[in-house]
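Thank you all for coming; I would like to walk you slowly through one model today, and I will point to places on the screen as we go. Please have the sequence and the structure open beside you while I talk.

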Amino acid sequence: MTTQRPGTYDPPRSRTITVDGARVACWESGPPDAEPVLLLHGYPADHRCWRHQVPPLSVRHRVITPDLLGWGASDRPLHLSFDYDTEVARLGRLLDALELDAVNLVGHDYGGFLALGFTENHPGRVRRLALLNSRAHATFTRRWYAVFSLISLAGRSPVLRRPAQLLPYAALHRRSFAPLVRAGHLDARVLDGYLDWMAAPEGRRWLLHYFGDYRTPARPELRRRLRDITCPTAVVWGRADPYLSPAIATGLAGAVPGAELTMLDDAGHWVMDERPAAVTEALGRLLERTLSNG
């Protein structure tokens with residue numbers, strides 16, 4: 001492994017690990033012996049959603065950006081379960097495979113949903129926590145609650161699954177990302193990496209397998225345990241998110257002891273793309289906070 005000089009940035013080093021018998025693609029930047037930061041992407045992105053944050057954070061930290069199992073360059077196994085409890089436990093096995101006892105954990109969207117559950121279940125393994133535009137303990141706005149619920153229903157219904165596998169998921173998702181591309185916040189080639197695999201029959205089959213295990217309702221047990229989170233926490237939010245209400249952010253910041261809220265009025269769901277410097281600054285402040293557990 002290469003040794004990075006303090007204060008410099010080298011391109012990410014790619015590696016592959018095995019989690020639950022499947023291949024997970026990871027990228028690492030920064031000094032290998034520095035304090036680790038694990039960045040978890042959301043739906044339907046991959047590790048490249050953190051492309052603006054990785055270089056500055058890597059100057060002082062070992063930054064790890066995996067493609068979660070099923071996404072990006074990682075395997076899409078049809079024989080594994082993807083229900084919430086399994087996915088949260090799988091995150092622990094990801095840390096084990098990376099030989100990490102504890103990390104600074106940062107999650108956007110679905111990654112934040114998993115990060116919150118993992119922090120509540122395994123507080124000793126999370127040094128600091130950041131949640132960015134995530135359903136967290138709550139759920140989606142009414143329109144998108146209906147959309148994701150319907151896809152979930154199709155994924156677990158033999159009658160609906162076959163016609164649902166014929167839908168143009170890549171094209172539909174591409175339309176939702178179009179404003180981000182037009183504004184210059186997202187390169188079309190990065191978007192291709194997010195979505196092209198959905199155009200293949202096996203990709204659509206896995207997507208419905210995933211959604212068959214996914215559940216849309218809020219998780220009250222996550223809400224009840226917010227006040228038990230003791231690690232330094234940051235909540236970073238684009239207020240103009242059409243999928244997730246800013247009330248989730250204020251709820252998190254009000255319930256998690258000592259949480260710092262960064263609300264960005266001129267950003268939406270893809271806050272890391274729309275306001276990259278502000279997000280990096282908020283994460284930098286979090287990483288400078290003293291650990292409450294010593």
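**Salt bridges, hollows and unusual backbone**

Let me begin with R219, which is buried, with a relative accessible area of 19%, and I should say at once that what you see is a predicted model. That value sits just on one side of a cut-off, because a residue is called buried when its relative accessible area is under 20%. R219 forms a salt bridge with E221, and the closest N and O atoms of the two are 2.6 Å apart. E221, for its part, is partly exposed, with a relative accessible area of 22%.

As background, side chains of opposite charge can pair when their charged atoms come close. In this structure there are 21 salt bridges, and I have picked out a few of them for you.

Which residue does R90 meet in a salt bridge? The partner is D20, and the distance from N to O is 2.7 Å. This pair links distant parts of the chain, with R90 in helix α2 and D20 in the loop between β1 (13–19) and β2 (22–29), 70 residues apart. The two partners also sit in unlike surroundings, for R90 counts as buried at 5% relative accessibility, whereas D20 is partly exposed, with a relative accessible area of 28%.

Another pair to find on your screens is R285 and E260, whose side chains meet in a salt bridge of 2.9 Å, N to O. Here too distant parts of the chain are linked, since R285 belongs to helix α12 (residues 276–288) and E260 to strand β8 (residues 260–264), the two being 25 residues apart. R285 is partly exposed, with a relative accessible area of 31%, and E260 counts as partly exposed as well, at 28% relative accessibility. Coming back to R90 and D20, salt bridges that share partners join D20, E87, R90 and R93 into one network.

Two members of that network lead us to the inside of the model, where a search of the whole structure finds one cavity of 30 Å³ or more. The largest cavity has a volume of about 110 Å³, and its lining includes E87 and R90, along with V19, V24 and D67, among others. Helix α2 (residues 84–97) gives the most to this lining, with four residues. How do the lining residues of the largest cavity divide into nonpolar, polar and charged? Seven are nonpolar, none is polar and three are charged.

Now please turn to the largest pocket, which has a volume of about 660 Å³. It is lined by 28 residues, of which Y43, W144, V147, F148 and H173 lie nearest its centre. Helices α4, α6 (169–182) and α8 (201–213) each supply at least two residues of the lining, and the largest share, seven residues, comes from α4. By kind, the lining of the largest pocket divides into 21 nonpolar residues, three polar and four charged.

Helix α4 appears again on the outside, where L150, L153, V159 and L160 form a nonpolar patch on the surface, with about 390 Å² of accessible area together. Both α4 (142–156) and α5 (158–164) supply at least two residues of this patch. L160, found in helix α5, is partly exposed, with a relative accessible area of 38%.

My last topic is the backbone, and as a general reminder, most residues other than glycine have a negative phi, and most peptide bonds are trans. Y43, which we met at the pocket, is joined to P44 by a cis peptide bond, with omega about -10°, and P44 lies in the loop between β3 and α1. W50 is found in the loop between β3 (36–40) and α1 (54–58) too, and W50 is buried, with a relative accessible area of 0%.

Finally, there are two residues that have a positive phi although neither is a glycine: E99, at about 60°, and A136, at about 50°. E99 lies in the loop between α2 and β5 (103–108), while A136 is found in the loop between β6 (126–132) and α4. Is each of them buried or exposed? E99 counts as exposed, at 72% relative accessibility, whereas A136 counts as buried, at 0%.

How values were computed. Residues numbered from 1 in each chain as written. Predicted model: local features only at pLDDT ≥ 70, side-chain atom pairs only at ≥ 80, totals over all residues. Heavy atoms only, no water. Patch = residues over 30% accessible without salt bridge, like charges linked within 9 Å, V, L, I, M, F, W, Y side chains within 5 Å. Areas by Shrake-Rupley, 256 points an atom, 1.4 Å probe, with all protein chains shown as cover. Salt bridge = Lys/Arg side-chain N within 4 Å of Asp/Glu carboxyl O. Buried < 20%, exposed > 50% of the residue type's maximum accessible area, 1.4 Å probe, protein only. 1 Å grid on protein atoms, 1.4 Å probe; cavity = no way out; pocket = protein on both sides within 12 Å on 5 of 7 lines; lining within 4 Å. Points joined across faces, edges and corners; volume = space filled by probe spheres on them. Nonpolar A, V, L, I, M, F, W, Y, C, P; charged D, E, K, R; others polar.
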